[in-house]
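Here are a few exercises to work through with the viewer open. Try each one yourself before reading the solution.

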Amino acid sequence: MSVVALTRLSQRNLLDWYDEHKRDLPWRSTNDPWAILLSEILLQQTQVSRGIIYWRRMIETFPTIQSMADSTVDTVLKAWEGAGYYSRARRLHALSQTVMLPSADGGFDGSLPSSYPALLSLPGIGPYTAAAVASIAFGQPFACVDGNIKRVMARQEEMVDPSAREVQVWADEYLIQRRPGDWNQALMELGATVCTPQKPRCHRCPVQSSCKGKNTPTAYPKATKTKVKEVTLWTCVEFDRLGNPIISQRPQDGLFGGLWGPQLNEGQVPNPSEEQRFVGIVEHKLSHRSMTVHVFTSTRASSQRGHNPLDVAMSVLDQKVINLIRANEHVIPPHEKK
Ligand code: SF4
């Protein structure tokens, strides 16, 4: 895309608007790079309202990089419980351990690096997060590109399907070198609160005058359809004599990696045997998967020892399964109850 063809967006209008209207988010009142990194990792795939809750939990549990590096990955997963996309938590733990290594061993002597390439080299850090942390925490001139910025760019330039490269060129062109962190956040804030996917509030937009797409904003960029796979699963959960479910830790690299839960089976849902009872169905949606789990429980106490769900990290789906059974406690013989 030719830079000459750009409509000049008023940087001053947008920054002034940001200074006056930005949301009061807790990570905006700190300069601590670790706290800012945590917010960026969380916000990758979590809504801001939920992100605030989880950010507070994470920063209280792990106030420093060292505190996370000294913890087990299971402790990090437990703190992350419910936030979803658990690979983020596992990579964050790996990142903390890398940062704590001596530089002679490929680490950063306990300090989060400030340069874009060094940030990019860390586990779980992609181009967006590296640019966000470099600019917001360290004042480095790197332009972020995320879904919000892509939408603002596509509408400003009236482009139906801008490529990642075109969005990056646009973002680089407009980046304000002396306030890169505020500038990146201003563009993202505009996309999150004014130039929203549906019903953008163009009458309140500080850069409306330069916007080529303002008459039909929702035509830009074209919507991308997410393919959602329907999956049917079944599980039969046994309990020990104390009423704790028999659950195990899943492999680190699969769905809900590192989290605890009952075995989930794909394929034909069986009829319950004499020692099983059907309890009900749990529905659970992930971004690319719609899961229907047929839940059975055993009517006999297991000889194995179960785990208290409060002591281990479990996905929301697994919690729903256990809660469903516990809400139907009549299916568990009295001798198995606590
Ligand atoms: S004028 Fe409307 S479509 Fe254009 S950037 Fe502003 S909010 Fe988005």
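What follows is a short set of tasks, each with its solution.

Some ground rules: this is a predicted model, where local features need pLDDT of at least 70, side-chain atom pairs count only at pLDDT 80 or more, and totals for chains, interfaces and linings use all residues. Residues are numbered from 1 along each chain as its sequence is written, and side-chain values use heavy atoms, with hydrogens and water left out.

**Exercise 1. Get an overview of the chain: how many helices and strands does its secondary structure come to?**

Step 1: count DSSP runs, numbered from the N terminus (helices are H or I, at least four residues; strands are E, at least two). You should get 12 helices and six strands.

Step 2: check burial, where buried means under 20% relative accessible area, exposed over 50% and partly exposed in between (1.4 Å probe, protein chains only). Of the 338 residues in the chain, 48% are buried.

Step 3: box up the C-alpha atoms along the principal axes, and you get roughly 75 × 50 × 30 Å.

**Exercise 2. Work out at what angle helix 1 and helix 11 pack.**

Step 1: fit lines to the C-alpha atoms, for helices over the stretch in contact, and take the angle between N-to-C directions on a scale from 0 to 180 degrees. Helix 1 (residues 11-21) meets helix 11 (residues 180-193) at about 75°, and the axes are 9 Å apart.

Step 2: so helix 1 is roughly perpendicular to helix 11 (65 to 115 degrees counts as roughly perpendicular, under 35 as roughly parallel, over 145 as roughly antiparallel and the rest as oblique).

Step 3: list the contact residues (contact means heavy atoms within 4.5 Å). Helix 1 brings Q11, L14, L15, W17, Y18 and H21, while helix 11 brings D182, W183, Q185, A186, L187, E189, L190 and T193.

**Exercise 3. Test the length of helix 6 and find which of its residues are buried.**

Step 1: the expected span is 1.5 Å times one less than the number of residues. For the 14 residues of helix 6 (residues 87-100) that gives 20 Å, and the end C-alpha atoms are 20 Å apart, so the two agree.

Step 2: R88, A89, R90, L92, H93, L95, S96 and V99 turn out to be buried. Their packing partners are helix 2 (33-43), helix 3 (48-61), helix 4 (65-69) and helix 5 (73-80).

**Exercise 4. Take H284 and E283 in turn: is each buried or partly exposed?**

Step 1: H284 sits in strand 5 (residues 276-285), and E283 is found in strand 5 too.

Step 2: H284 has 10% relative accessibility, so it counts as buried. E283, at 48%, counts as partly exposed.

Step 3: look for polar contacts (pairs of N or O atoms within 3.5 Å; within protein, one must be able to donate a hydrogen and the other to accept it, and residues adjacent in sequence count only if both atoms are side-chain atoms). The H284 side chain makes one with the side chain of K320 (3.0 Å), and the side chains of E283 and T292 are joined by one of 3.0 Å.

**Exercise 5. Hunt for backbone oddities: which residues does a cis peptide bond join?**

Step 1: the cis bond joins Y220 and P221, with omega about -15°. P221 lies in the loop between helix 11 and strand 1 (229-237).

Step 2: K199 is not a glycine, yet its phi is positive, near 45°. K199 is also in the loop between helix 11 and strand 1, and with 74% relative accessibility K199 counts as exposed.
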